[in-house]
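Thanks for making the time; I would like to walk you through one model, beginning with its charged pairs and ending with its aromatic rings. Please keep the structure in view while I talk.

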Amino acid sequence: MIKTIETKQNNVKLTVTEWEAYSAKDDIYTFNENIVIVYGKYSGTYKLTGKSFIADFCHLYEFDENDKVKKFIQIVDSATVNKVFNSN
């Protein structure tokens, strides 16, 4: 799943309304020149089903020469997240 920073900000708004106790916990950081990679876990409870999840994520940030984010890639274990949407 590749998202831009703007899309990520919109997802945060969506998270506030549809999720309870949603969080992102960063566990590992690594970097090389102008790239930072973060590994961690998302967790939360989907309000409509009451189901909870814990899923792996990886974010890649690439910075330009002015230390502004030039590129953002978000990878999520979406199969784990998708299980909470089903009420069965």
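**Charged pairs, two loop residues and a ring cluster**

Let me start with Lys41, which forms a salt bridge with Asp56, where the closest N and O atoms are 2.6 Å apart. Since Lys41 belongs to strand β2, residues 35-46, and Asp56 to strand β3, residues 52-63, the pair ties together parts that are 15 residues apart in sequence. As for the setting of the two side chains, Lys41 is partly exposed at a relative accessible area of 31%, and Asp56 is likewise partly exposed, with a value of 28%. I should say at this point that what you are looking at is a predicted model, and that the values I quote should be heard with that in mind.

How many salt bridges does the structure hold? There are 3, and the one between Lys41 and Asp56 is among them. In another, the side chains of Lys25 and Asp27 meet with an N to O distance of 3.0 Å; here Lys25 is exposed, its relative accessible area being 52%, while Asp27 is partly exposed at 38%. Then there is the salt bridge between Glu62 and Lys70, in which the closest N and O atoms lie 3.6 Å apart. Is Glu62 buried or exposed? Glu62 counts as buried, because its relative accessibility is 17% and the cut-off for buried is under 20%, whereas its partner Lys70 is exposed, with a relative accessible area of 59%.

I turn now to the backbone, and to two residues in loops. Glu33 has a phi near 55 degrees, which is a positive value in a residue other than glycine; Glu33 sits in the loop between β1, residues 19-32, and β2, and at 79% relative accessibility it counts as exposed. Asp67 also has a positive phi, near 60 degrees, and is again a residue other than glycine. Where is Asp67 found? Asp67 is in the loop between β3 and β4, the latter spanning residues 69-76, and with a relative accessibility of 63% Asp67 counts as exposed.

That brings me to the aromatic rings, for which the count comes to 10 pairs. One of them joins Trp19 and Phe85 in an edge-to-face arrangement, with 5.8 Å from centre to centre and 65 degrees between the planes. This pair links distant parts of the chain, given that Trp19 is in strand β1 and Phe85 in the segment after α2, residues 78-82, with their positions 66 residues apart in the sequence. Trp19 is buried, with a relative accessible area of 10%, but Phe85 is partly exposed at 38%.

Phe85 has a further partner in Tyr46: the centres of these two rings are 4.7 Å apart and their planes stand at 85 degrees, so this pair, too, is edge-to-face. The link again spans distant parts of the chain, with Tyr46 in strand β2 and Phe85 in the segment after α2, 39 residues apart. Tyr46 counts as buried, its relative accessibility being 10%.

Which residues do the ring pairs link into a cluster? The members are Trp19, Tyr22, Tyr42, Tyr46, Phe53, Phe57 and Phe85. If you keep one picture from this talk, let it be that cluster, with Phe85 paired to Trp19 and to Tyr46, alongside the salt bridge that ties strand β2 to strand β3 through Lys41 and Asp56.

Methods
Residues numbered from 1 in each chain as written. Predicted model: local features only at pLDDT ≥ 70, side-chain atom pairs only at ≥ 80, totals over all residues. Heavy atoms only, no water. Salt bridge = Lys/Arg side-chain N within 4 Å of Asp/Glu carboxyl O. Buried < 20%, exposed > 50% of the residue type's maximum accessible area, 1.4 Å probe, protein only. Helix = DSSP H or I, 4+ residues; strand = E, 2+ residues; numbered from the N terminus. Phe/Tyr/Trp six-rings, centres within 6.5 Å; stacked < 30°, edge-to-face > 60°.
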